[in-house]
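Grab a pencil and work through a few exercises with the sequence and the 3D view side by side. Each task comes with a solution that goes one step at a time.

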Amino acid sequence: SFMKKNRNILIVLIVLLVVAFGIWLTNSTNTFQTSRSDFKLDDSASVSKIFMSDKNNNSLTLKKVDNAQWMVNDKYPAQKFNIDLLLKTMVDIEVSFPVAKAAHNSIIKELAANSVKVEIYQVKPWLDIFGLRLWPGERLSKVYYVGGATPDNQGSFMLMEGSSEPFVVYLPGFRGFVSPRYSPFEKYWRDYNVFRVQIPDIISVRVESPAIPEFSFEVTNRGDNTFKLIGLKENKEVKYDTLKLLNFLSGFRNLNFEALINDMDPPKKDSILSSAPFLVVTVKDKSGVTKTMRAFHKKGPDGQTDMEGRPLPYDLDRLYALVNDGRDFTLIQYYNFDKILRPLPYFLPEADHR
């Protein structure tokens, strides 16, 4: 009976293996039939990593670090809006039709020369059988090439890795083509944030004005919604207008730069950075992060004059700013940053001005 029992176990195992092999086979043959046009993702929540590269050696990795946060090339936080848009695109795209035979060769040539290779990784179970999801792990789930726009600009050419049949792919309800959403350039994906901190989370804010030291000050959070203001030149505590100070501190809630200009002509950039900054703003927060922004005046556009017709010494709309531990040279707008670009006298109670 011992032999019989073992034989039964063996038979059951063989049957299970045959079933598993059968399931695997049907899946892989189906995949093979649909895979030439199977660009659409079934779900985006399981996507853990996206790698994109073009033919000019631009490449980029977007990686999910937790549910709410993605990283760009393991270095910078990603901009949530653009990530969400890409994931939504990957799930919503539809195949319109295969490329016409007559155009086939020229489209393949075009894709070989100018396309973005996209690799999508998902965390999925190795075996999903009768609702049992076993051995989850990250694996490469799709690889395809995204080419340019169709002549009517309503679709994009795409090609599955390993296939020789390109398709026209479009987004239902979207007038335009999706190729630009598959960008291998780091700056498109980066979060442009400079400061993002709420008042209760601020430990201190220091504003240094090298040209006019009596404008420099530091605000420290005493907790319980009260603050201490110190004039840095005399290094002594000063009375302040509470409303103005709270308005200033609330300005740090969400400040973004306008443009990255790291690739500015090096001699020009060096001469700006070696000049005295207009202001240096340093924020310490409760999570232990200290962020510093060094702002520099920007030369005014030619022909810009004041009321009297005198040329303006500086651009009235924009400043240069060095942010992210000095890694990024950027342009910021006064319009967005005005709230935090305040001199010490601004905070003094009205009576002290007279």
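## Exercise 1: Arg222 and its partners

Leaving out residues up to four places away in sequence, Arg222 touches Phe227, Lys228 and Glu237, where a contact means heavy atoms within 4.5 Å. Before going on, know that this is a predicted model, in which local features need pLDDT of at least 70 and side-chain atom pairs count only at pLDDT 80 or more, while totals for chains, interfaces and linings use all residues. Residues are numbered from 1 along each chain as its sequence is written, and side-chain values use heavy atoms, with hydrogens and water left out.

**Task.** Find out where Arg222 lies and how its side chain meets Phe227 and Glu237.

**Solution.**
- Step 1: place the residue. Arg222 is in strand β12; strands (E, at least two residues) and helices (H or I, at least four) are DSSP runs, numbered from the N terminus.
- Step 2: check its cover. Arg222 counts as partly exposed because its relative accessibility is 47%; buried means under 20% relative accessible area, exposed over 50%, and partly exposed in between (1.4 Å probe, protein chains only).
- Step 3: look at Phe227. A polar atom of the Arg222 side chain lies 3.4 Å from the backbone oxygen of Phe227.
- Step 4: look at Glu237. Its side chain and that of Arg222 meet in a salt bridge (3.0 Å, N to O), the term for a side-chain nitrogen of Lys or Arg within 4 Å of a carboxyl oxygen of Asp or Glu. Glu237 sits in strand β14 (residues 236-237) and Arg222 in strand β12, so the bridge ties together parts 15 residues apart in sequence.
- Step 5: zoom out. From C-alpha to C-alpha, Arg222 and Ala113 are 61 Å apart in space, with their positions 109 residues apart in sequence.

## Exercise 2: More salt bridges

**Task.** How many salt bridges does the structure hold, and which strands do the pairs Arg206–Glu218 and Lys298–Asp315 tie together?

**Solution.**
- Step 1: the count is 20 salt bridges.
- Step 2: the side chains of Arg206 and Glu218 come together at 3.1 Å, N to O. Arg206 belongs to strand β11 and Glu218 to strand β12, so this pair ties together parts 12 residues apart in sequence. Arg206 is partly exposed because its relative accessibility is 29%.
- Step 3: between Lys298 and Asp315, the closest N and O atoms are 3.3 Å apart. Lys298 is in strand β18 (residues 290-299) and Asp315 in strand β19 (residues 314-323), so parts 17 residues apart in sequence are tied together. Both Lys298 and Asp315 are buried.
- Step 4: now look for a network. Lys117, Glu119 and Glu161 are linked in one made of salt bridges.

## Exercise 3: Helix α5

**Task.** Which residues of helix α5 are buried, and what do they pack against?

**Solution.**
- Step 1: α5 spans residues 242-250, and its buried residues are Lys244, Leu245, Phe248, Leu249 and Ser250.
- Step 2: think about helix geometry. An α-helix has 3.6 residues a turn, so residues three or four places apart point the same way.
- Step 3: the buried residues of α5 pack against β11 (202-208), β12 and β13.
- Step 4: go to the start of α5. There, a side-chain oxygen of Asp241 comes within 3.1 Å of the backbone nitrogen of Leu243.

## Exercise 4: Two loops with a twist in phi

**Task.** Where are Asn57 and Asn225, and are they buried or exposed?

**Solution.**
- Step 1: Asn57 is in the loop between β1 (47-53) and β2 (59-66). Its phi is near 65°, a positive value in a residue other than glycine.
- Step 2: Asn57 counts as exposed, because its relative accessibility is 75%.
- Step 3: Asn225 is in the loop between β12 (217-223) and β13 (226-231). Though not a glycine, Asn225 has a positive phi of about 65°.
- Step 4: Asn225 is exposed too, with a relative accessible area of 65%.

## Exercise 5: How sure is the model?

**Task.** What is the mean pLDDT of the protein chain, and where is pLDDT below 50?

**Solution.**
- Step 1: the mean is 89, and 95% of the residues reach 70 or more; pLDDT is the predictor's confidence in each residue, from 0 to 100.
- Step 2: the pLDDT is below 50 over residues 29-33, a stretch with zero contacts in the model beyond near neighbours in sequence.

Conventions: A polar contact is a pair of N or O atoms within 3.5 Å; within protein, one must be able to donate a hydrogen and the other to accept it, and residues adjacent in sequence count only if both atoms are side-chain atoms.
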